[in-house]
Amino acid sequence: MPAGAADPSSNGRAPYEGERSVGQLFAAATADLSSLVHDEIALAKAEIKSDIKRGAAGSIFFVVAGVIGLAGIPMASIAIAFFFHWLGVPLGWSFAISFFLHVVLAALVGFVAVRTFKKMSRPERTIEGVQKTAEVLKNARPRPATQEEIDRGLGRIP
C-alpha cells in the first residue's frame, strides 16, 4: 500500500491524538476485571474471617459439652450418687439424680454452643457484589471481530 493511502478495511477516519487502540482497551478492561475479582475475594475474606472466629468458639463449646457429657459421667455420677445416698436417698435414686444433673449441664453447654453458631452470618456484601458483577458481565456484548483482527490473530498479517 502506498504511503499515506487509507487502509481499505478502516472506516476512513484518522485516529485522534490520545485515542487508545483496541489492544490498549482490551488490556485496560482485563486489568479492571482482574482488579474487580481481587477486590471481591478480599471482601469475602474479610467478611468470612469474623464468622470463622465465631465458628471456632462454637466448636470449642461443643467439644466441652462432649467432654462433660461423655468423660465426666462415670466419675462424677458415682461421686454425686454416693453423696445423695449419704444424705439418705436410696442408692438407685441417687444414681438417677446424678445422671439427670449431668444431662442438664451438657444441655446447657450445648445451648451456649448453638447460640454462638446462630450469630454467624452470610457474607452479604460479597454476595451482593458478585451478583452485580455477574449482571454487568451478562449485559456486556462484545462486538464481532473484523476479518483483519482474525487474520492478525492467526498470524496471516504481521
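Here are some worked exercises on the structure above.

This is a predicted model, where local features need pLDDT of at least 70 and side-chain atom pairs count only at pLDDT 80 or more, while totals for chains, interfaces and linings use all residues. Residues are numbered from 1 along each chain as its sequence is written, and side-chain values use heavy atoms, with hydrogens and water left out.

**Exercise 1. The overall layout**

Work out how many helices and strands the chain has, and what share of its residues is buried.

Solution.
- Step 1: Start with the secondary structure, which comes to 5 helices and 0 strands. Helices (H or I, at least four residues) and strands (E, at least two) are DSSP runs, numbered from the N terminus.
- Step 2: Going along the sequence, you get the pattern α-α-α-α-α.
- Step 3: Now for burial: of the 158 residues in the chain, 15% are buried. Buried here means under 20% relative accessible area, exposed means over 50%, and partly exposed is in between (1.4 Å probe, protein chains only).
- Step 4: On the outside, the chain exposes about 12,300 Å², and carbon and sulfur atoms supply 70% of that. Accessible areas come from the Shrake-Rupley method with a 1.4 Å probe; for residues, only the protein chains shown count as cover.
- Step 5: Finally, take the contacts with a separation of 6 or more: 64% of them join residues 24 or more positions apart. A contact means heavy atoms within 4.5 Å.

**Exercise 2. Salt bridges**

Find the 2 salt bridges in the structure and place each one in its helix.

Solution.
- Step 1: Get the criterion straight: a salt bridge is a side-chain nitrogen of Lys or Arg within 4 Å of a carboxyl oxygen of Asp or Glu.
- Step 2: Look at R54 and D51, which form a salt bridge with their closest N and O atoms 3.2 Å apart. R54 and D51 sit 3 residues apart in helix α1, so about one helical turn separates them.
- Step 3: Check how covered these two are. D51 counts as buried because its relative accessibility is 8%, whereas R54, at 33%, is partly exposed.
- Step 4: See what else D51 meets. Setting aside neighbours within four places in sequence, D51 is in contact with M120, S121 and R122.
- Step 5: Move on to E128 and K132, whose side chains meet in a salt bridge at 3.2 Å, N to O. E128 and K132 both lie in helix α4, 4 residues apart, or about one turn of the helix.
- Step 6: E128 is partly exposed at 42% relative accessibility, while K132 has 54% and so counts as exposed.

**Exercise 3. A nonpolar surface patch**

Identify which residues form the nonpolar patch on the surface, and say which helix gives the largest share.

Solution.
- Step 1: The members are L33, L36, V37, I41 and L137, with about 400 Å² of accessible area together. Patches are made of residues with over 30% relative accessible area and no salt bridge: like charges are joined within 9 Å, nonpolar side chains (Val, Leu, Ile, Met, Phe, Trp, Tyr) within 5 Å.
- Step 2: Helix α1 (residues 22-70) gives the largest share, 4 residues.
- Step 3: L137 lies in helix α4 (residues 124-139), and at 48% relative accessibility it counts as partly exposed.
- Step 4: Take V37, a member in helix α1, which is partly exposed at 43%. The C-alpha atoms of V37 and V130 are 8.8 Å apart, although 93 residues separate the two along the chain.

**Exercise 4. Rings and a histidine**

Say which residues ring pairs link into a cluster, then describe the surroundings of F84 and H102.

Solution.
- Step 1: Searching the whole structure turns up 4 aromatic pairs. Rings of Phe, Tyr and Trp (its six-membered ring) pair if their centres lie within 6.5 Å; planes under 30 degrees apart count as stacked, over 60 as edge-to-face and the rest as tilted.
- Step 2: The cluster linked by ring pairs consists of F83, F84 and W86.
- Step 3: F84 belongs to helix α2 (residues 72-86). Beyond four places in sequence, F84 is in contact with V89, S94, I97 and L101.
- Step 4: F84 and F95 are 11 residues apart in sequence and 8.3 Å apart from C-alpha to C-alpha.
- Step 5: H102 is in helix α3 (residues 91-118) and is buried at 9% relative accessibility. Leaving out residues up to four places away, H102 touches G72, I73, A76, S77 and I80.
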